[in-house]
Amino acid sequence: FVLCPRGELAELLGSVSTNGSPANGVPSFMMTYIATVREEVTGVLRDAEVAGGTILRLPVDRFWGFIGYFRDPDGNPWEVAWYAEPPVSETVPEKK
């Protein structure tokens with residue numbers, strides 16, 4: 001999951017009120033699903049929508065991968081991401 005200031009998350013999710021502040025009910029966290037292949041991002045978003053979720057942002061290419069956002073039926077925000085290269089935490093060798 002991702003922790004971030006409510007204002008940043010509200011802007012990312014399109015949940016900013018008319019006065020520019022975070023809309024009521026914007027959490028300070030977002031769940032993250034990390035896809036193993038690029039095509040999985042679109043599939044997860046499609047499955048989420050079929051299950052009653054709401055697409056917040058269609059997936060887009062970034063220099064590091066591919067990402068999209070949805071809100072589940074309980075109102076929780078999710079990002080679905082595929083990384084062209086593994087995140088740093090997955091490339092650091094384990095201590096023995």
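**Rings, burial and a charge: a trainee asks why**

Mentor: Start with Arg38: its charged end sits over the ring of Phe66, 3.7 Å from the ring centre. Keep in mind that this is a predicted model, where local features need pLDDT of at least 70, side-chain atom pairs count only at pLDDT 80 or more, and totals for chains, interfaces and linings use all residues. Residues are numbered from 1 along each chain as its sequence is written, and side-chain values use heavy atoms, leaving out hydrogens and water.

Trainee: What makes Arg38 sit "over" the ring of Phe66?

Mentor: The rule wants NZ of Lys or CZ of Arg within 6 Å of the ring centre and within 35 degrees of the ring normal. Here the distance is 3.7 Å.

Trainee: Why is the pair of Phe70 and Trp78 called stacked or tilted?

Mentor: Rings of Phe, Tyr and Trp (its six-membered ring) pair if their centres lie within 6.5 Å; planes under 30 degrees apart are stacked, over 60 edge-to-face, the rest tilted. The structure holds 2 such pairs. Trp64 and Tyr83 are 5.1 Å centre to centre with 35° between the planes, a tilted pair. Phe70 and Trp78 have centres 5.9 Å apart and planes at 5°, so they're stacked.

Trainee: How do you know whether Phe70 is buried or exposed?

Mentor: Buried means under 20% relative accessible area, exposed over 50%, partly exposed in between (1.4 Å probe, protein chains only). Phe70 has 8%, so it counts as buried.

Trainee: And why is Trp78 called what it is?

Mentor: Trp78 has 23%, so it's partly exposed. Trp64, at 24%, is partly exposed too.
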